[in-house]
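Please look through the structure shown here with its charged side chains in mind. The paragraphs after it follow a few of their pairings in turn.

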Amino acid sequence: MTEDFDISDARSYLTGLQQSITSALNAMDDMPFVVDAWRKEAHEPLQGNGITMMMEGGAVFERAGCGFSHVSGPKLPPSATAHRPELSGAPFEAMGVSLVFHPRNPYVPTVHMNLRMIVAKPEGLPPVAWFGGGMDLTPYYGFEEDAVHFHQTCKSSLMPFGQDLHPRFKTWCDIYFCNKHRQEQRGVGGIFFDDFSELGMQQSFAMLQSVGDAFLTAYMPIVGRRKDMAYGEKERDFQLYRRGRYVEFNLVWDRGTHFGLQSGGRTESILLSMPPLVSWSYKHQSLSGSPEAQLVSYFLVPKDWV
């Protein structure tokens with residue numbers, strides 16, 4: 001690290017963010033989160049602790065998971081050093097908050113956010129630290145005003161730190177959250193960044209905080225608009241089918257999932273992003289011109305929403 005930075009500040013911010021976000025969901029759904037505090041002991045592949053908070057069976061959120069973890073290990077996994085081969089095998093410390101909220105109503109989109117800090121400690125060299133994360137929106141039925149609101153909030157969170165960041169992070173999100181085996185976007189995108197420390201540690205951390213603080217503003221108004229819309233079996237079936245694409249991405253392409261599993265992380269916490277119910281169908285075809293077809297033809301195509 002090129003400047004002094006107290007990682008306890010990052011831990012305090014991330015644990016506070018977890019509490020503020022879960023409190024907001026609890027207020028909307030009137031459903032308590034199960035709080036699961038865990039610890040990784042010295043004999044395990046990773047050492048450290050965390051808090052996994054899970055809500056299941058709510059009227060608004062069918063499953064909502066928000067986890068904090070702070071772990072260290074003897075060797076960075078391949079998923080963390082793909083772009084930093086000089087750090088391959090270095091001891092590391094990592095902390096972050098990750099959340100995925102799966103709503104019950106098909107008209108409410110699924111949302112994901114992850115914010116993290118990683119410190120690599122190569123032998124004989126100064127520590128190297130960076131931040132990563134972002135947020136993205138995955139609708140099952142598309143609404144242009146929702147996509148515009150989400151992207152505008154993401155953009156506003158980055159503007160104080162440089163006008164070039166939002167175009168970069170928006171494009172990075174579109175590239176990253178793509179089911180390449182299907183040549184299909186996971187959702188309408190948002191922002192994504194990784195290996196980020198170019199503003200210096202203090203300013204890069206301030207940017208991370210700005211993104212985290214924008215999450216509730218970006219997502220909760222959309223939930224409020226859509227959660228009471230009437231839907232039927234057709235919409236529910238389509239939601240479960242599209243959740244299958246979400247699962248495919250998380251298991252096949254997501255670096256965060258791979259990092260956790262490769263490093264010996266806590267499986268229950270790593271897989272909190274999985275929806276409670278999901279379905280696959282062979283060669284699914286939506287009726288031309290239908291809202292289901294429009295999701296893929298219009299909304300799941302990278303575009304400048306703002």
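In this predicted model, Glu248 has a relative accessible area of 12% and is therefore buried. The acidic side chain of Glu248 is paired with Arg182 in a salt bridge, in which the closest N and O atoms are 2.7 Å apart. Because Arg182 lies in the loop between strand 7 (178-179) and strand 8 (184-185), while Glu248 belongs to helix 6 (residues 233-252), the pair ties together parts that are 66 residues apart in sequence. Arg182 itself, at 36% relative accessibility, counts as partly exposed.

A second buried acid is Asp146, whose relative accessible area is 4%. The side chain of Asp146 meets that of Arg225 in a salt bridge, with an N to O distance of 2.8 Å. Since Arg225 lies in helix 5 (residues 201-226) and Asp146 in helix 3 (residues 144-158), this contact ties together parts that are 79 residues apart in sequence. Arg225 is partly exposed, at 32% relative accessibility, and both residues belong to a network of salt bridges that links Glu145, Asp146, Arg225 and Arg226.

Turning to helix 4, one finds a salt bridge between Arg168 and Glu198, where the closest N and O atoms are 3.0 Å apart. Here Arg168 lies in helix 4 (residues 165-176) and Glu198 in the loop between strand 9 (189-196) and helix 5, so the pair ties together parts that are 30 residues apart in sequence. Arg168 is partly exposed, with a relative accessible area of 34%.

With a salt bridge taken as a side-chain nitrogen of Lys or Arg within 4 Å of a carboxyl oxygen of Asp or Glu, the count comes to 19 salt bridges.

Methods: Residues are numbered from 1 along each chain as its sequence is written. This is a predicted model: local features need pLDDT of at least 70, side-chain atom pairs count only at pLDDT 80 or more; totals for chains, interfaces and linings use all residues. Side-chain values use heavy atoms; hydrogens and water are left out. Helices (H or I, at least four residues) and strands (E, at least two) are DSSP runs, numbered from the N terminus. Buried means under 20% relative accessible area, exposed over 50%, partly exposed in between (1.4 Å probe, protein chains only).
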